[in-house]
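Me: I've got this model open and I'd like a close look at one part of it. Could you pick a helix and walk me through how it sits against the rest?

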Amino acid sequence: MLTFEQKLEIIETFPELTRKDVSMKRVNFHFEESLYDKKIVVYHLHPNGNGFVYVGNLPQYEADNKGFVNIRDFSEKQLRSVLGDAIDYLSLEPEPPYDKTWVNRDNEKLDLVYEEPFWNVYTGKNLEESFGTFDNAEDYLIDQGFKEKK
């Protein structure tokens, strides 16, 4: 396990993060350039080595219900990786709204709508299918003989 001082040294190599000392000798690090209201990347890094990094809903991490992962037992490589992922996560523009109608030869219509985090296919107001990625939804619609209405 990395010590508090080692974790601080690693975190401080990320120039995008700003240190904020808080109560009980704990330290937070903020990402002021975040595209979201969420600015805290490192939360309550404690002299005992405990602390948290905000990862939102990134699937490769087991975060708590507030989107934080505990970094107490992280190696240097794991800590650098999670910090990079957190900064990237807070730097990415959200998916643009997507709500397009797709039609087939018989002029039947399906709507493909992005409703975070899913791509949903609707027949009228009824949900027909749901997909984790646009590519999977698009493949399904094409396989069913539909193409995007221009």
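Reply: Sure, let's take helix 1, and start on its outer side: Glu5 and Glu9 are exposed there. Keep in mind that this is a predicted model.

Now turn to the other side. Phe4, Lys7, Leu8, Ile10 and Ile11 are the buried residues of helix 1. Looking down the helix axis, those buried residues fall within an arc of 165°, so they line one face of helix 1. What lies over them? The cover for the buried residues of helix 1 includes strand 1, strand 2, strand 3 and helix 2.

Ile11 is a good one to zoom in on. Ile11 belongs to helix 1, which runs over residues 4-11. Its relative accessibility is 0%, and since buried means under 20%, Ile11 counts as buried. Leaving aside residues up to four places away in sequence, Ile11 touches Leu17, Phe29, Val42, Leu45, Leu79 and Leu83. For a sense of distance, try Tyr98: 87 residues separate Ile11 and Tyr98 in sequence, and their C-alpha atoms are 37 Å apart in space.

Some of those names come back when you look at the nonpolar packing. The largest nonpolar core has 28 residues, and Leu17, Val41, Val53, Leu79, Val82 and Leu83 are those with the most contacts inside it. Helix 1 is one of the elements giving two or more residues to this core, along with strand 2, strand 3 (40-45), strand 4 (52-54), strand 5 (68-70) and helix 2 (76-91). Helix 2 provides the largest share, six residues. As background, nonpolar side chains tend to be buried together in soluble globular proteins.

Val53 shows the packing from another spot. Not counting residues up to four places away in sequence, Val53 touches Val41, Val42, Gly67, Phe68, Val69, Ile71, Val82, Leu83 and Ala86. There's also a second, separate core of 12 residues, with Leu110, Leu112, Tyr114 and Leu141 among them.

One last stop, for contrast with the buried side of the helix: the loop between strand 1 (17-21) and strand 2 (27-31), where you'll find Met24. Lys25 is in that loop too, between strand 1 and strand 2. With exposed meaning over 50%, Met24 counts as exposed at 58% relative accessibility, and Lys25 is exposed at 67%. The backbone is worth a look as well: Met24 has a positive phi of about 55° although it isn't a glycine, and Lys25, also not a glycine, has a positive phi near 60°.

Methods:
Residues numbered from 1 in each chain as written. Predicted model: local features only at pLDDT ≥ 70, side-chain atom pairs only at ≥ 80, totals over all residues. Heavy atoms only, no water. Helix = DSSP H or I, 4+ residues; strand = E, 2+ residues; numbered from the N terminus. Buried < 20%, exposed > 50% of the residue type's maximum accessible area, 1.4 Å probe, protein only. Contact = heavy atoms within 4.5 Å. Core = buried A, V, L, I, M, F, W, Y, C linked by side-chain atoms within 4.5 Å. Arc of directions from axis to C-beta.
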